[in-house]
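This report describes the packing, local geometry and solvent exposure of one protein model. The account begins with the interior and then turns to the helices and loops.

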Amino acid sequence: MGVTLHVNGKESVVDAAPDTPLLWALRDHMGLTGTKFGCGMAQCGACTVQVDGVATRSCVTPIDSVVGSKITTIEGLGGTHPLQVAWEKHNVPQCGYCQSGQIMNAAALLAETPKPSVAEIKSAMSGNICRCGTYNRIIAAIQDAAGVKS
Ligand code: FES
Ligand code: FES
């Protein structure tokens, strides 16, 4: 049987129980390991992907709840998204663990608010934890990608 998921523009059948968290379907069944496991409790944002363009915590999202939706992971941004270019320019990552979740959340922000203020960036990004404290570089990179003054 399996559950059909639409990920990064392709349909895949995942042989997993319907209540399997999307995070594990992506990582263990589809080999998309760019999405990370942090807390498993919707508290840190490391597992953030987009579901129909909305930043979503995949650790607490059962796969049967996203059947028919368009799921995008960090792999789906292709490496050339303006945020990824800005991330590299500003040397944002330290250990890197939280960063795919940060970028996926930032991408959802810019899709909705192309020219965010610093306050809007801080508000939108506040739920994505970085233990390395890269917050200032994250804000600078988002502003750069958005073409707003830093
Ligand atoms: S692993 Fe999903 S929010 Fe922390
Ligand atoms: S770069 Fe290390 S947790 Fe964010």
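Which residues does leucine 83 touch, not counting residues up to four places away in sequence? In this predicted model, leucine 83 touches Ile103, Ala106, Ala107, Leu110, Ala141, Ile142 and Ala145.

## Nonpolar cores

Leu83 belongs to the largest nonpolar core, which has 19 residues; together with Trp87 and Ile142, Leu83 touches the most other members. Two or more residues of this core come from each of helix H2 (82-89), helix H3 (99-112), helix H4 (118-125) and helix H5 (135-146). H3 supplies the largest share, six residues. A second core, separate from this one, has 14 residues, among them Ala16, Leu26, Val51 and Val66.

Alanine 141 is a residue of helix H5. Its relative accessibility is 0%, so alanine 141 counts as buried, the cut-off being under 20%. Beyond four places in sequence, alanine 141 touches Leu83, Ala86, Trp87, His90 and Val92. Between the C-alpha atoms of alanine 141 and glycine 2 there are 40 Å, and the two residues stand 139 residues apart along the chain.

## Helix packing around H3

Two packed helices are described by the angle between their axes and the distance between the axes. The table gives these values for two pairs that involve H3.

| Helix pair | Angle between axes | Distance between axes |
|---|---|---|
| H3 and H5 | about 40° | 11 Å |
| H3 and H4 | about 130° | 10 Å |

For the pair H3 and H5, with an angle of about 40°, the arrangement is oblique. H3 passes H5 in a right-handed crossing. On the H3 side, the contact is made by Gln99, Gln102, Ala106, Leu109 and Leu110, and on the H5 side by Ile138, Ile142, Ala145 and Ala146.

For the pair H3 and H4, the axes make an angle of about 130°, and H3 is therefore oblique to H4. The crossing of H3 and H4 is right-handed. Here H3 contributes Gln102, Asn105, Ala106 and Leu109, while H4 contributes Ile121, Ala124 and Met125. Gln102, Ala106 and Leu109 thus appear in the contact with H5 and also in the contact with H4.

## Helix H1 and the aromatic pair

Helix H1 has Leu22, Leu23, Ala25 and Leu26 as buried residues. The buried residues of H1 pack against S1, S2, S3 and S5. Just after H1, glycine 31 has a positive phi of about 70°.

The structure holds one aromatic pair. In this pair, the ring centres of tryptophan 24 and phenylalanine 37 lie 5.3 Å apart and the ring planes make an angle of 45°, so the pair is tilted. Tryptophan 24 lies in helix H1 (residues 22-29), and phenylalanine 37 lies in the loop between H1 and strand S3 (48-51), so the pair ties together parts that are 13 residues apart in sequence. Tryptophan 24 is partly exposed, with a relative accessible area of 30%. Phenylalanine 37 also counts as partly exposed, at 35% relative accessibility.

## Loop residues

Is threonine 61 buried or exposed? Threonine 61 is buried, its relative accessible area being 9%. This residue is placed in the loop between strand S4 (54-57) and strand S5 (70-72). Apart from neighbours within four places in sequence, threonine 61 is in contact with Thr20, Pro21, Leu22, Thr56 and Val66. Of these contacts, Leu22 is one of the buried residues of H1, and Val66 is one of the members of the second core.

Two asparagines have a positive phi although neither is a glycine. Asparagine 8 has a phi of about 50° and is found in the loop between strand S1 (3-7) and strand S2 (10-14). With a relative accessible area of 25%, asparagine 8 is partly exposed. Asparagine 91 likewise has a phi of about 50°, and its place is in the loop between H2 and H3. Asparagine 91 is exposed, with a relative accessible area of 57%.

Key: Residues are numbered from 1 along each chain as its sequence is written. Chains are lettered from A and ligands numbered from 1 in the order in which they are written. This is a predicted model: local features need pLDDT of at least 70, side-chain atom pairs count only at pLDDT 80 or more; totals for chains, interfaces and linings use all residues. Side-chain values use heavy atoms; hydrogens and water are left out. A nonpolar core is a set of buried Ala, Val, Leu, Ile, Met, Phe, Trp, Tyr and Cys residues joined through side-chain atoms within 4.5 Å. Buried means under 20% relative accessible area, exposed over 50%, partly exposed in between (1.4 Å probe, protein chains only). Helices (H or I, at least four residues) and strands (E, at least two) are DSSP runs, numbered from the N terminus. Contact means heavy atoms within 4.5 Å. Rings of Phe, Tyr and Trp (its six-membered ring) pair if their centres lie within 6.5 Å; planes under 30 degrees apart count as stacked, over 60 as edge-to-face and the rest as tilted. Axes are lines fitted to C-alpha atoms, for helices over the stretch in contact, and angles run from 0 to 180 degrees between N-to-C directions. Angles under 35 degrees count as roughly parallel, over 145 as roughly antiparallel, 65 to 115 as roughly perpendicular and the rest as oblique. A crossing is left-handed if the near helix is turned anticlockwise from the far one by less than a right angle, and right-handed if clockwise.
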